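Student: Please take one part of this model and go through it closely. I would like the strands, what packs on them, and any enclosed space described together.

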Amino acid sequence: MRIENDIMFMLPDENDAKTFFLDAQEKFGSSTGVVIAIETEKGIYDKDLLQRIKTAGDLILRANQQIPANSIKELVPLGDTQALVLTSYLRNRSKEEGKAFKLDTPSLSDRGSLAEALSESLPSYLSSGDTELLVSETAEAVSSAIKKDPGIAGKLAAAVTAPTDKRGFNRGVWVDQISSLMETDTVWPEFDGFESIDAFFKGKGFEDVSSSRIFSSLLLERGIADPASISRFIFSQRNEIVAAGSTNGFYTNLANAISLDSGESFARELSETIQKAPKQIRTGRLFQSDENALASLKQRLNSWSIFKGTLFSEDEKSTLVLVKTAPNLDKANKALLLDEIRRILGSVFKDSGFKYHIAGEPVVDDEIGELMVKDIRSLFPVVTLIVMASLFIMFRNLPGVFYPLLTVMISLIWCAGSMGYADAPVSVVASALPVLLVAVGTAYAIHLTHSFQHYDETGCSQIQKAERILDLSGKGVMMAGLTTVAGFASLATNKIVPLRDFGIFMALGVVFALMITMYLVPSMMIRFGEGKKSQNIKNLDKKADVPPKAYSRIVNAVSSFCFNRPKTVIAAYSIILAISIAGLFMLKVEMNNITFFKKDSPIRIADTFVNSTFAGTVGFSVVMTGQKPGDAIDPQIVSVIGELSDRLIKENPEIGKIISIADLIRKMNQAFFYNDPAYYRLPVINDLSGEKSHAALQSQYEAYMDKYQKKDTKSLIDNEKKETVVAVQMRTSSSSVVERVAANVESILSGPLGKPLRDKGMTFRCTGTGSMYLEANRLVVSGQLWSIVVSVVLVFFVVAWIMRSFIYGFFSLVPLTVTIMINFGIMGFFNIALDVATSITACVAIGIGVDYGIHYLVHYRDFRKQGLDHGAAVLATAAGSGEAIIFNAVAVAAGFIVLLASAFVPLVNLGILISLTMISSAFAAMTLLPAFLSLVESKLHYTAEKTVAKDSQDEEFMSGVEGQVAE
């Protein structure tokens with residue numbers, strides 16, 4: 001068995017939104033990744049912190065070698081460094097040979113030629129030290145291993161070429177890119193030679209050439225060009241000027257020059273000199289290793305708004321490292337990467353005083369998987385003990401505990417084995433399956449065991465007794481089991497994969513429990529006996545005018561009230577239904593993996609910190625696709641993108657940041673105009689110095705984009721510039737918020753702003769992790785409605801077929817309908833969202849809750865067949881099956897209460913809801929059914945003789961119906 005829990009697993013492979021998401025990931029790279037937030041009291045401009053970030057980044061990038069190296073060490077006895085040497089060689093060969101890559105035994109068994117090949121592909125980070133010895137030892141170990149087992153060659157090739165993504169496209173790649181203070185690029189203007197600058201300052205008596213160059217470069221990067229701004233900057237920013245690298249003596253001379261009467265002339269001449277000096281646009285790392293590195297880093301970070309919230313916090317005391325994973329990385333490989341990242345961070349930041357948080361979708365998915373295993377290990381023994389205790393309290397003997405428990409344990413083993421053979425993954429919902437099956441599966445054995453222990457007929461053999469009990473209670477058990485199967489099987493129509501799988505295998509588990517109950521329990525009762533009999537009820541199949549005296553007076557009084565005042569009871573339930581319907585309209589649907597965790601869990605704390613301090617962890621994208629190359633870079637389209645971004649941020653406070661090609665063009669335009677903040681905008685035709693046309697402006701946009709490195713633009717625009725992405729970072733993955741943002745995008749682009757897109761025939765579509773949650777939301781709602789309809793119809797026909805009566809089929813649904821409405825009403829009033837876990841509550845209510853009504857109706861009809869009138873039959877039914885109904889409801893509710901100890905909020909809610917559902921279903925069966933039966937009792941005209949005739953007619957009628965249904 002394996003675990004799957006990410007949002008992509010929830011959606012079926014044929015889902016169009018999922019396909020589009022996977023396609024977009026392959027084209028533009030992963031929109032998600034591992035988010036590492038680092039806190040420091042000193043502030044982020046700390047050399048120790050930056051060096052650790054650089055070290056961690058280098059090691060994480062090296063995970064593409066380290067992860068396969070870890071696998072290789074399991075095949076060949078190599079040390080860490082030796083495994084990296086071999087990995088580097090194998091990866092180089094696989095890249096050169098492509099799909100033809102295949103390792104043959106001779107190339108690895110020849111120690112000399114292998115050593116030479118290893119030496120040629122030795123990575124730079126291993127080039128220090130005695131490399132000759134390292135290569136020699138590696139070649140010796142590999143050649144020896146190959147000679148012993150030639151099959152290792154194929155395994156080594158697989159270790160470096162195994163696919164890592166869901167579609168099998170990416171091979172041997174885990175990390176795509178890292179964004180951090182030490183890895184991210186920016187753009188700025190710089191002087192292409194300082195001759196004119198040096199001449200100006202020397203002419204004014206300044207001898208410190210280094211300081212004058214630093215000061216001039218600072219003015220250029222800050223976009224300070226006019227004389228007045230230069231003067232203000234000099235007088236107000238002494239600390240910054242000195243921090244940038246200029247000496248105190250230089251600053252004093254500079255301030256004196258501005259203070260003199262000629263100061264205005266000095267600033268004006270300096271301004272003219274800076275503007276006339278030759279310049280170039282530089283694209284490079286934010287952090288440059290020079291004597292002014294920290295000051296330059298601060299300047300460059302604050303000169304582009306795109307970095308605030310994505311790389312550093314507003315208070316400059318936290319920084320972010322984003323590890324972009326390979327596109328569509330699958331769960332197993334996400335786990336490998338996370339293990340490596342955690343190991344690296346633990347090593348790099350150990351005893352450093354810096355605090356780090358790890359968040360992001362891969363981390364959430366991995367944490368869910370770990371907690372699922374813990375949940376199963378901790379909750380299963382608890383629910384077993386609770387059910388055992390409940391059974392002992394009910395039966396007060398060993399068989400009463402052993403038989404039901406044995407039944408459910410065998411069915412659970414068969415069910416889990418079936419999941420393993422079918423390769424059906426365990427999801428968050430399926431992790432509750434053992435608890436549910438233990439709680440549900442005991443019901444059938446409870447009813448049968450109860451009947452065996454309370455049946456007493458003198459002179460009756462054990463086999464005859466078993467026949468009689470199976471004839472009476474067995475029918476009820478069969479109906480209860482089949483309707484439960486129908487309730488869960490209805491989930492098989494659900495498009496949400498975890499719900500579909502859960503429904504199928506839960507239904508299968510119930511079938512197993514039913515089979516074992518009907519075959520194994522009677523056999524063991526006959527062979528080993530049923531244990532000590534309770535004296536509460538005897539001779540249930542005999543005629544009786546009054547209920548057994550030992551039965552609870554409360555149940556007697558309630559039953560009497562219900563059949564004597566049916567209209568009052570129905571009116572009371574009508575009021576409850578009206579209140580529940582009001583709650584139903586307050587029900588919200590929410591798919592959001594992070595809300596699976598309790599607020600005090602480490603992953604929830606980390607996610608909250610990142611979302612409150614930075615721009616957010618959830619990706620949401622608007623993909624715009626043109627008809628021909630160049631459409632995406634059209635000035636009109638870029639203008640639409642810019643305005644769309646501005647409006648979305650303004651109208652949706654949950655959006656932390658939006659990044660698009662408009663931002664890159666704005667920044668490059670500012671850099672071309674000497675970093676003047678006024679030019680941080682999209683250039684227009686009037687800004688052009690030559691030909692002033694739309695085509696020329698588009699060429700300018702393309703030139704600006706081409707000045708960036710490919711790795712900086714590949715996530716925003718394709719090679720043909722035909723398709724572009726507006727990348728939205730959100731501080732929440734709430735599907736209701738994502739739905740609002742998506743609707744906002746649709747509204748804006750369908751209006752006047754989107755006219756240029758429509759004119760060019762460009763289409764747009766929302767995608768990203770946020771959109772996947774939204775799609776899951778839609779499927780949960782539609783699947784819930786369809787599953788309820790299917791299960792109700794199935795239950796109706798199962799009961800009608802077995803009891804040979806459409807009327808009884810209808811009656812079985814009466815308490816069920818009330819229970820479902822109460823369930824949704826409670827969810828609405830108590831703000832319990834409908835999600836992937838709580839959405840199964842209705843089907844559980846239908847599948848399990850209907851059992852109580854069925855048992856009640858089976859025994860009621862049996863008492864009527866014996867000649868009892870309506871009132872006596874109601875009381876006898878309450879005294880007989882009512883006890884088993886109450887026992888069963890309490891046992892099942894107690895079993896589900898165990899889910900309160902789950903690590904997952906949805907499962908906690910599920911435990912509460914199903915426990916309430918069981919109690920309300922049992923209570924409705926014991927109160928609402930006698931009321932309804934009282935209203936129609938005069939039309940049923942049940943007597944012993946009429947019942948026989950009616951059963952015969954019903955059988956003939958139902959046989960005809962079965963033939964039509966089969967046809």
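**A sheet, its helix and a cavity**

Tutor: Helix 18, residues 361-395, lies across strand 1 and strand 6. Its direction makes about 100 degrees with that of strand 1. The model is a predicted one, and what follows should be read as a description of that prediction.

The sheet under discussion is open and has four strands, arranged in the order 2-5-1-6 with antiparallel pairing. Strand 2 (175-179) and strand 6 (355-359) are the edge strands; each has a single partner strand, so one side of each is left without a neighbour in the sheet. Between neighbouring strands the average turn is 15 degrees, with direction ignored.

Within this order, strand 1 (residues 33-39) and strand 5 (residues 318-325) run antiparallel and are joined by seven bridges. To place the register on a residue pair, Ala 37 can be used: opposite this residue stands Leu 320 of strand 5.

Next, the enclosed space. Which residues are closest to the centre of the second largest cavity? The count of cavities of 30 Å³ or more comes to six, and the second largest has a volume of about 100 Å³. The closest to its centre are Gln 25, Thr 32, Asn 328, Lys 334 and Glu 361, out of 13 residues that line this cavity. Sorted by class, the lining consists of five nonpolar, five polar and three charged residues. Glu 361 is thus named in that central group, and residue 361 is also where the range of helix 18 begins. Gln 25, another of the central group, falls in the range of helix 2, residues 16-28.

Helix 2 leads to a second sheet. Four strands form this open sheet too, in the order 8-9-7-10, and the pairing is antiparallel. Strand 8 (655-659) and strand 10 (763-767) stand at its edges with a single partner strand each, so one side of each has no neighbour in the sheet. Neighbouring strands here are turned by 20 degrees against each other on average, again ignoring direction.

Strand 7 (residues 618-625) and strand 9 (residues 723-730) run antiparallel, with eight bridges joining them. Phe 620 stands opposite Val 728 in strand 9. Helix 2 packs on this sheet and touches strand 7, strand 9 and strand 10, and the angle between its direction and that of strand 10 is about 95 degrees.

Definitions and conventions
Residues are numbered from 1 along each chain as its sequence is written. This is a predicted model: local features need pLDDT of at least 70, side-chain atom pairs count only at pLDDT 80 or more; totals for chains, interfaces and linings use all residues. Side-chain values use heavy atoms; hydrogens and water are left out. Two strands pair if DSSP finds at least two bridges between them. Helices (H or I, at least four residues) and strands (E, at least two) are DSSP runs, numbered from the N terminus. Axes are lines fitted to C-alpha atoms, for helices over the stretch in contact, and angles run from 0 to 180 degrees between N-to-C directions. Contact means heavy atoms within 4.5 Å. On a 1 Å grid over the protein atoms alone, a cavity is a set of points where a 1.4 Å probe fits but cannot get out, and a pocket is an open set with protein on both sides within 12 Å along at least five of seven lines; lining residues have an atom within 4 Å of a point. Grid points are joined across faces, edges and corners, and a volume is the space filled by probe spheres set on the points. Ala, Val, Leu, Ile, Met, Phe, Trp, Tyr, Cys and Pro count as nonpolar, Asp, Glu, Lys and Arg as charged, and the others, Gly among them, as polar.
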